[in-house]
Amino acid sequence: MGLYERLAAAPQATEADGGLAVIPDVTVVKEDPLAQLRRKTHHALIQAMGPKLYDVSVTATQLEGRVRQQLTEVLAEEQTPLSAADRKRLISETIDDILGYGPLEPLLHDDSVTEIMVNGPESVFVERDGRLVLSEARFLDDGHLRRTIDKIVGQVGRRVDESQPYVDARLPDGSRVNAIIPPIAVDGASLTIRKFAAEAYEVADLVSFGTLDERSARFLDACVLGRRNVLVSGGTGAGKTTTLNVLSSFIPHDERIVTIEDAAELQLQQPHVVRLEYRPPNIEGRGEVTIRNLVRNALRMRPDRIIVGEVRGGETLDMLQAMNTGHDGSLTTVHANSPRDVLARIETMTLMAGVDLPVRAIREQVASALDLVVQQTRLADGSRRVTHITEVLGMEGDVIVLQDLYTFDYTAGRDASGRFLGRLQPTGIRPKFTERLKELSIELPNELFAPDHDAVGAVAGVKNRRR
């Protein structure tokens, strides 16, 4: 029975009742007293310290000490009784709010969490082992969530407001952040954080994860060393950036590398790296530096390799031009569902450059520029696997010809926990550019392309090879 029905069924007031009606019991949900106190102390702390919280001359350790001292003084004035555990929890959470990212701090430090999705103050989901689960993290209210978003984007010179209601940014550790607020987000502010490992993954890590196998890893190593142009494709969250980072680790340490990204994420270990990052327009709509501007500028920086984090617009044409004009061995990523879809996507994005080119001319550019497409997929079991390594052979008539060199074996089925048992299998076909690699003294052993051969330990040759 609802509240109104219970009130209607209640006895009416009479003179014997003193004119008071008997109201049935109604359960009232009260806010956690600790949450109330946390909100109160939070505001009191901000009022007490004010500009001191943003003093750039104070180190993080000094600021934390001041916050702890001021917080102790604020709590001393409170009459609410607190146990030692509650006091410790209150101080910890308040410091996380003031100096960190509030309820997100424990999740950001949890290595098992790969993605954080905040759908509202009381709805924080995380990804663990490829599965989405609801976490125990909670924000106090919408304002608390908005303050956290403002702190994240403000640290990297971005902004989010009614005139710019969504933003891509990054945390100091390189984790990618997307925030979107009303009126675009109908149900309130939303925040998504894609975490990155503190230490860059190596090829052996991808082999252990099942993303690659030993033979395909060794083959890709030879392709990067042999200056083949490689494009990594896949859907959102498929692991393209991680794979791109591993491929970049195959680049010799005596080459000059220029990276271009929307939000800096790559973790290259080579000594000669120049990192460029997109700059959004200012509040007046001026000062934007696009990915296309950066690609053009990179050509004047004497790069041996150009790595573009992702092509998604007119910069695709400039990237193709770079690959076709002496910048062999370039790497990039693109969103696509299959190697064949990659070609259609690149055609479309090239046309976005505003240059009136016939489709055949674009396809000739693509066929000449690209050597290899590495297709990555996030499978139903949550794992991220490379499902195709495909060579771009060239043109036949008006069609670009593709040749699969490795494909994922779906026929192996799944284990008891639902995880796919298959792995990349060679198709038995050697790439067309084998002779070109041989001219560079890079051999591709037959064992890399033999479907039934188990090349155990081949990855050791990748890891231990001296450049």
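Modeller: A residue is buried under 20% relative accessible area, exposed over 50% and partly exposed in between, using a 1.4 Å probe and protein chains only. This is a predicted model, in which local features need pLDDT of at least 70 and side-chain atom pairs count only at pLDDT 80 or more, while totals for chains, interfaces and linings use all residues. Residues are numbered from 1 along each chain as its sequence is written, and side-chain values use heavy atoms, with hydrogens and water left out.

Colleague: Fine. What makes helix H11 mostly covered?

Modeller: In H11, residues 315–323, 8 of the 9 residues are buried. They are Glu315, Thr316, Leu317, Asp318, Met319, Leu320, Ala322 and Met323. The helix itself is a DSSP run: H or I of at least four residues, where a strand is E of at least two, and both are numbered from the N terminus.

Colleague: Which elements do the buried residues of H11 pack against?

Modeller: H10, S10, S11, helix H12 (339–351) and helix H13 (359–369). Contact here means heavy atoms within 4.5 Å.

Colleague: How do you know which stretches have pLDDT under 50?

Modeller: pLDDT is the predictor's confidence in each residue, from 0 to 100. The chain mean is 83, with 85% of residues at 70 or more. Residues 10–30 stay under 50, and the model gives them 15 contacts beyond four places in sequence. Residues 453–467 are also below 50, with 26 contacts beyond near neighbours in sequence.

Colleague: On to the sheet. Why are strands S9 and S15 said to stand at the edges?

Modeller: Two strands pair if DSSP finds at least two bridges between them. The open sheet has 9 strands with mixed pairing, in the order S9-S8-S10-S11-S7-S12-S13-S14-S15. S9 (273–277) and S15 (424–426) each have a single partner strand, so one side of each lacks a neighbour in the sheet. From one strand to the next, the twist averages 30°.

Colleague: How do you know that S14 and S15 are joined?

Modeller: S14, residues 399–408, shares 3 bridges with S15, and the two run antiparallel. That clears the requirement of at least two, so they count as a pair. Phe408 stands opposite Leu424 in S15.

Colleague: What lies across the sheet, and at what angle to S11?

Modeller: Helix H9 (240–248) lies across S7 (230–234), S10 (305–308), S11 (331–335) and S12 (372–378), at about 165° to S11. Helix H10 (291–298) packs there too, touching S8 (257–261), S9 and S10, and its direction makes about 170° with S8. Those angles run from 0 to 180 degrees between N-to-C directions, with axes fitted to C-alpha atoms, for helices over the stretch in contact.

Colleague: Why is S12 called largely enclosed?

Modeller: 5 of its 7 residues are buried, so the rest of the structure largely encloses S12. On pairing, S12 runs parallel with S7 over 5 bridges and antiparallel with S13 over 7. Gly234 faces Gln376 in S12, and Arg378 has Arg384 of S13 as its bridge partner. The S12–S13 hairpin has 5 residues between the strands, and Gly382 takes a positive phi near 90°.

Colleague: Which residues of the largest nonpolar core touch the most other members?

Modeller: Of its 35 residues, Phe219, Leu220, Leu247, Ile307, Leu372, Ile389 and Tyr406 do. H7 (203–209), H8 (214–225), S7, H9, S12, S13 (384–396) and S14 each supply at least two residues, and H8 gives the most, with 6. Another core of 32 residues lies apart, including Leu276 and Ile306. Such a core is a set of buried Ala, Val, Leu, Ile, Met, Phe, Trp, Tyr and Cys residues joined through side-chain atoms within 4.5 Å.

Colleague: Why are the rings of Phe219 and Phe433 called stacked?

Modeller: Rings of Phe, Tyr and Trp (its six-membered ring) pair if their centres lie within 6.5 Å; planes under 30 degrees apart count as stacked, over 60 as edge-to-face and the rest as tilted. There are 7 aromatic pairs. Phe219 and Phe433 have centres 6.3 Å apart and planes at 15°, so they are stacked. The two sit 214 residues apart, Phe219 in H8 and Phe433 in the loop between S15 and H14 (434–439). Phe219 has a relative accessible area of 0% and Phe433 of 7%, so both are buried.

Colleague: What makes the Tyr406 and Phe449 pair tilted?

Modeller: The centres are 6.3 Å apart with 45° between the planes. Tyr406 is in S14 and Phe449 in the loop between H14 and H15 (458–464), so the pair ties together parts 43 residues apart in sequence. Both Tyr406 and Phe449 are buried, and with Phe219 and Phe433 they form one aromatic cluster.
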